[in-house]
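The exercises below ask you to reason step by step from a structure to a short description of its parts. Keep the sequence and the model open while you work through each solution.

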Amino acid sequence: QVQLVESGGGLVQAGGSLRLSCTASGSTRSFNYMGWYRQAPGKQRELVATIDTAGAPNYNPSVKGRFTISGDNAKNTVWLQMNSLRPEDTAVYYCNAERLINPPHEWDSYWGQGTQVTVSS
């Protein structure tokens with residue numbers, strides 16, 4: 001049973017930094033993608049950043065240049081360094097892992113329980 005365990009959320013002032021960490025346990029196989037999504041109150045969940053096994057990142061334009069995603073395939077771990085945080089970054093951040101099990105369209109998707117990030121103005 002795959003479980004994603006997140007850490008690193010908290011309260012920070014605008015302009016500050018936080019670093020999120022997520023490790024997937026219960027699997028010896030790596031994932032095709034790992035990343036982060038977020039959901040603010042009253043809004044839909046949105047992509048923040050993902051990274052593939054080659055290390056290629058993909059960012060939401062609203063965080064590009066401020067957030068950096070990195071990963072370690074061997075440890076099934078992904079990090080999100082968040083700098084220059086803004087009040088609009090306030091949300092619950094969810095770790096996600098995707099594994100292609102039957103090309104080209106069948107995927108297994110796993111989610112963490114979420115970690116709260118609050119940015120005060």
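A polar contact is a pair of N or O atoms within 3.5 Å, of which, within protein, one must be able to donate a hydrogen and the other to accept it. Please bear in mind throughout that this is a predicted model.

**Exercise 1.** Find where Asn 76 lies, decide whether Asn 76 counts as buried or exposed, and describe what surrounds it.

Solution. Begin with the position along the chain, where Asn 76 turns out to lie in the loop between E7 and E8. Next take the accessibility: a residue is called buried under 20% relative accessible area, and because Asn 76 has 6% relative accessibility, it counts as buried. Then turn to the side chain of Asn 76, which reaches the backbone oxygen of Ser 27 at 3.4 Å, a distance to be compared with the cut-off of 3.5 Å for a polar contact. Leaving aside neighbours within four places in sequence, the residues in contact with Asn 76 are Cys 22, Thr 23, Ala 24, Ser 27, Arg 29, Ser 30, Phe 31 and Met 34. Finally, look at the backbone, where Asn 76 has a positive phi of about 50 degrees although it is not a glycine.

**Exercise 2.** Describe the backbone of Ser 84 and the peptide bond that joins Pro 103 and Pro 104.

Solution. Ser 84, which is in the loop between E8 and E9, has a phi near 50 degrees, and this is a positive value in a residue other than glycine. Its relative accessibility is 41%, so Ser 84 counts as partly exposed. For the second part, the bond between Pro 103 and Pro 104 is a cis peptide bond, with omega at about 0 degrees, and Pro 104 is found in the loop between E9 and strand E10 (106-111).

**Exercise 3.** Classify the ring pair of Phe 31 and Tyr 110, then that of Tyr 37 and Trp 111.

Solution. The structure holds three aromatic pairs. In one of them, the ring centres of Phe 31 and Tyr 110 are 5.9 Å apart and the planes stand at 70 degrees, so the pair is edge-to-face. This pair links distant parts of the chain, since Phe 31 is in the loop between E3 and E4 while Tyr 110 is in strand E10, 79 residues apart. Phe 31 is buried, with a relative accessible area of 3%, and Tyr 110 is buried at 19%. For Tyr 37 and Trp 111, the ring centres are 5.1 Å apart and the planes at 65 degrees, so this pair is edge-to-face. Here Tyr 37 in strand E4 and Trp 111 in strand E10 are 74 residues apart. Trp 111 is partly exposed, with a relative accessible area of 36%, and Arg 45 lies over its face at 4.7 Å from the ring centre.

**Exercise 4.** Which residues of the largest nonpolar core touch the most other members?

Solution. Among the 29 residues of this core, Trp 36, Leu 80, Met 82 and Tyr 93 touch the most other members. The strands that each supply at least two residues of the core include E4 (33-39), E8 (77-82) and E9 (91-102). As a last step, examine Tyr 93, whose contacts beyond four places in sequence include Trp 36, Leu 80 and Met 82.

Key
Residues numbered from 1 in each chain as written. Predicted model: local features only at pLDDT ≥ 70, side-chain atom pairs only at ≥ 80, totals over all residues. Heavy atoms only, no water. Core = buried A, V, L, I, M, F, W, Y, C linked by side-chain atoms within 4.5 Å. Buried < 20%, exposed > 50% of the residue type's maximum accessible area, 1.4 Å probe, protein only. Helix = DSSP H or I, 4+ residues; strand = E, 2+ residues; numbered from the N terminus. Contact = heavy atoms within 4.5 Å. Phe/Tyr/Trp six-rings, centres within 6.5 Å; stacked < 30°, edge-to-face > 60°. Lys NZ or Arg CZ within 6 Å of the ring centre and 35° of its normal.
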